[in-house]
Amino acid sequence: MKKRKREDKKAGGPDPYTDEVIAHGLSRRNFLAGASAGVAGLSLVVGTKEVVAGTVPAGAAAADFGKSSDGGATLSFLPKPKPIAEKDIKSTLTFDVVVVGAGAAGVPAALSARENGASVAVVQKAPFALSQGNSGTGIDLANSEKAGIEALVGKIVVDNNHRCNPKLIRQWAYNSGEAVRWVIDRAKKGGSPVIDQGNLQQRSILKVNGYGLSYVTSFFGPKPYTTGDGMRHLAITAEQAGVRFFYKTPAEQLVQTPKGAVVGVIARAKDGSYVRLMAKKGVILATGDYQNNKAMCDYFIPDVKHLGRKQLDKTGDGFVMAYWAGGVIEPIGHTKMLHDFDAGPASMCDMPFLAVNRQGNRFVNETVEMSVLNNYLRDAENAGHYAQVFDSDYMTQAAKWPGKLVPPEGLKNYMPDDPRPKKGVFESQVNTHVAGTLEELARKLKVVPAAFVATVKRYNELCASGKDVDFGKPADKLVPVLKAPFYGIHRRVRVSAICSGMLVDENHQALDTRGEPIQGLYIIGNLGGGFYGGVDYPLTVYGMSLGRCYTFGYLTGKRVARL
Amino acid sequence: MGTMNTRGGPRLEAALRSLKMSKLSRCLYGLPVVALVAVFLGSAGNPAATAASRPSTATREFKHSAQAIGCQDCHGKVKKQTPVQTTKCLECHGDTKALAERTAKVKPTNPHDNRHYGTEGDCAFCHREHAKSENFCLPCHDRFDFKVP
């Protein structure tokens with residue numbers, strides 16, 4: 001530790017990632033620095049409205065809100081915690097560890113802390129534990145080559161556009177197998193039908209640079225059973241182990257000593273009164289992202305302005321708490337995750353069939369994956385909507401493409417117009433259609449019919465010529481749409497998660513603007529920074545997101561309990 | 001909602017364009033709009049009332065007036081009015097679990113028992129006193145076409 005501090009002083013920070021976030025992230029130091037330099041310190045800044053959509057009430061002191069990293073704008077989404085009167089706090093309870101948020105990071109953290117001897121409380125805004133998705137993945141160390149693990153770490157860093165903290169990727173790589181196995185075992189004890197799918201979903205990543213890898217993949221499914229149900233089952237195990245859950249009790253403020261150590265949480269109970277939960281060893285924030293906070297999204301990630309949201313109530317509460325406790329938010333340009341695995345078969349989502357936008361036009365070389373198509377569909381009209389289109393010969397024409405084709409009978413499971421009961425899907429999200437004519441299909445897909453018919457005609461010409469002179473798609477992926485019935489999958493990519501967050505070290509302890517750990521404050525899950533950094537969440541390893549949440553929850557719970 | 005004609009293609013269907021902004025914005029941000037129930041009582045005299053605010057005349061008309069229920073029955077007698085919380089609704093309407101049982105057979109799904117909130121959603125997600133009620137599910141679930149009283 002001492003050595004690191006010396007190095008910090010010399011180099012200005014412990015590593016390039018941390019240096020960058022401290023220099024350009026959002027923190028109270030940036031505000032204070034601005035004030036001392038006489039830059040619009042305590043007076044309201046003109047032009048606030050242009051900077052953020054959510055405005056600060058007229059007459060409010062600028063000091064009541066966070067400031068942009070250049071000190072030039074007052075940020076309505078970072079309201080300073082208002083003092084809560086002692087008389088409004090109905091009860092004070094003391095635990096070793098207090099976890100804020102019962103999701104895929106928070107529930108494992110709570111149980112892990114409890115198993116390591118701590119008394120643990122969890123406060124949760126929703127009426128129960130919540131999470132999304134099905135797969136959570138770790139590396140099966142015993143059956144992986146060391147060079148393979150390092151090659152995968154390198155690949156993930158590249159897929160994160162080189163902007164992550166490699167130490168955190170490496171920590172996931174070497175601990176995730178153990179953590180995911182532990183989650184599977186403990187969730188089963190709570191009644192979950194979770195299974196280990198091993199390498200089933202990972203066939204494309206069993207070798208990196210020629211080195212072998214093997215995986216542990218927890219599968220909470222099939223839909224409509226998800227990791228949300230899985231975390232509720234895991235919470236049963238945690239409750240039986242003695243973890244106390246406070247549901248419908250959103251955390252509002254951290255309790256800090258005058259020196260800044262975080263020693264507790266104040267949360268609002270159902271009846272509007274406050275409860276104070278003191279934490280002898282540490283507070284673990286696991287409140288997730290901020291996709292439902294409009295002003296915050298407009299500021300950090302305007303890309304998603306017109307794109308739909310999959311989650312509710314993710315308002316960034318943890319960001320506000322951690323910021324005012326002295327933490328640093330990663331700089332503007334956050335990483336997003338937008339998927340649609342539900343409208344049609346997930347195994348066909350990356351198949352390069354003809355794709356059209358809402359205007360009925362082609363818009364991309366269709367070999368671009370579903371997980372990044374949001375970048376082409378960010379405008380208000382398209383808003384993430386597009387359709388994959390193919391004809392009745394698709395089973396033979398696309399037989400050799402990556403992914404897995406579902407035969408026509410199976411596609412009916414994804415058709416809202418088919419009256420039979422659905423299996424293994426979110427019934428309200430299926431959106432696959434079949435029609436005898438292109439015009440009828442266009443109407444079902446809600447794309448402009450005339451343009452759609454013209455697009456298909458043009459596309460068929462390109463297929464016949466064997467050269468995609470419009471978008472350059474490889475010739476072996478040019479398959480015409482000729483033979484009725486015609487099929488279409490109307491996908492709509494929406495925000496599953498935003499996965500940039502607060503600056504933390506390898507102990508998942510929040511760092512302040514000097515790169516020093518904030519006593520008592522730990523941050524995991526999508527609220528934690530450093531793990532991504534690219535334009536989009538990478539699908540390098542399916543289930544990495546949940547795998548990371550479990551792993552850092554498992555490690556952090558254990559670590560804080562043992563302090 | 002500007003037009004986005006590409007390559008000279010025809011304009012989008014009117015149905016696509018006429019997507020109401022209110023629904024769109026909720027679809028985008030998923031924000032429960034509890035405050036709408038009585039936000040204007042609360043914001044009277046507040047210079048920072050946002051663009052979402054409606055004229056204060058809305059406060060004088062409300063559905064419960066038919067049952068001879070007055071402002072104070074819901075908002076209390078305090079000087080500074082605040083939005084009504086779901087707990088207040090339940091004082092007369094009873095437990096939400098019982099409500100969810102009554103609507104168990106509603107198709108295509110039970111609006112009072114769902115994956116997001118169980119039986120503990122806020123009444124004001126959908127039901128409004130001073131404004132038209134809204135179908136909170138619809139922006140994300142196209143086919144949940146409830147008529148909300």
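These are my notebook entries on a predicted model, covering a sheet, a helix, some salt bridges and a second chain.

**Entry 1: the sheet in chain A**

I started with an open sheet of three strands in chain A, ordered β5-β9-β6 and paired antiparallel. Which strands stand at the edges? They are β5 (135-139) and β6 (195-196) of chain A; each has a single partner strand, so one side of each lacks a neighbour in the sheet. I then looked up the pairing of β5(A) with β9 (residues 215-219) of chain A and found five bridges between these antiparallel strands. For A:Ser135, the bridge partner in β9(A) is A:Phe219.

Next I checked what packs on this sheet. Helix α15 (residues 544-561) of chain A does, touching β5 and β9 of chain A, and its direction makes about 70° with that of β5(A). Helix α7 (residues 166-189) of chain A lies across β5, β6 and β9 of chain A, and I noted an angle of about 130° to β5(A).

**Entry 2: salt bridges, several of them on α7(A)**

Over all chains I have a count of 38 salt bridges. I picked out a few to look at more carefully.

My pick from the start of chain A was A:Asp15 with A:Lys167, where the closest N and O atoms are 3.5 Å apart. A:Asp15 sits in the loop between α1 (2-11) and α2 (16-24) of chain A, while A:Lys167 belongs to helix α7 of chain A, 152 residues apart. Is A:Asp15 buried or exposed? It is buried, with a relative accessible area of 12%, under the 20% cut-off. A:Lys167 counts as partly exposed, at 32% relative accessibility.

Helix α7(A) came up again with A:Asp140 and A:Arg181, which form a salt bridge with closest N and O atoms 3.2 Å apart. A:Asp140 lies in the loop between β5 and α6 (146-159) of chain A and A:Arg181 in helix α7 of chain A, so this pair ties together parts 41 residues apart in sequence. I have A:Asp140 as buried at 7% relative accessibility, and A:Arg181 as partly exposed at 42%.

Then I moved along to A:Glu366 and A:Lys473, with closest N and O atoms 3.1 Å apart. A:Glu366 lies in the loop between β15 (354-356) and β16 (385-390) of chain A, and A:Lys473 in the loop between α14 (449-465) and β18 (486-492) of chain A, so the pair ties together parts that are 107 residues apart in sequence. Here I found A:Glu366 buried, at 4% relative accessible area, and A:Lys473 buried too, at 3%.

I also jotted down a network: A:Glu115, A:Asp185, A:Arg186 and A:Lys189 are joined by salt bridges that share partners.

**Entry 3: a helix that is largely enclosed**

Why do I call helix α10 (residues 317-324) of chain A largely enclosed by the rest of the structure? Because seven of its eight residues are buried. The buried ones are A:Gly318, A:Phe319, A:Val320, A:Met321, A:Ala322, A:Tyr323 and A:Trp324. After α10(A) comes A:Gly326, and I noted its positive phi, near 110°.

**Entry 4: chain B**

I closed with chain B, which has six helices and zero strands. Of its 149 residues, 29% are buried. Among contacts in chain B with a separation of 6 or more, 50% come from residues 24 or more positions apart. I have its accessible surface at about 9,500 Å², with 58% belonging to carbon and sulfur atoms.

Terms used:
Residues are numbered from 1 along each chain as its sequence is written. Chains are lettered from A and ligands numbered from 1 in the order in which they are written. This is a predicted model: local features need pLDDT of at least 70, side-chain atom pairs count only at pLDDT 80 or more; totals for chains, interfaces and linings use all residues. Side-chain values use heavy atoms; hydrogens and water are left out. Buried means under 20% relative accessible area, exposed over 50%, partly exposed in between (1.4 Å probe, protein chains only). Helices (H or I, at least four residues) and strands (E, at least two) are DSSP runs, numbered from the N terminus. Two strands pair if DSSP finds at least two bridges between them. Contact means heavy atoms within 4.5 Å. Axes are lines fitted to C-alpha atoms, for helices over the stretch in contact, and angles run from 0 to 180 degrees between N-to-C directions. Accessible areas come from the Shrake-Rupley method with a 1.4 Å probe; for residues, only the protein chains shown count as cover. A salt bridge is a side-chain nitrogen of Lys or Arg within 4 Å of a carboxyl oxygen of Asp or Glu.
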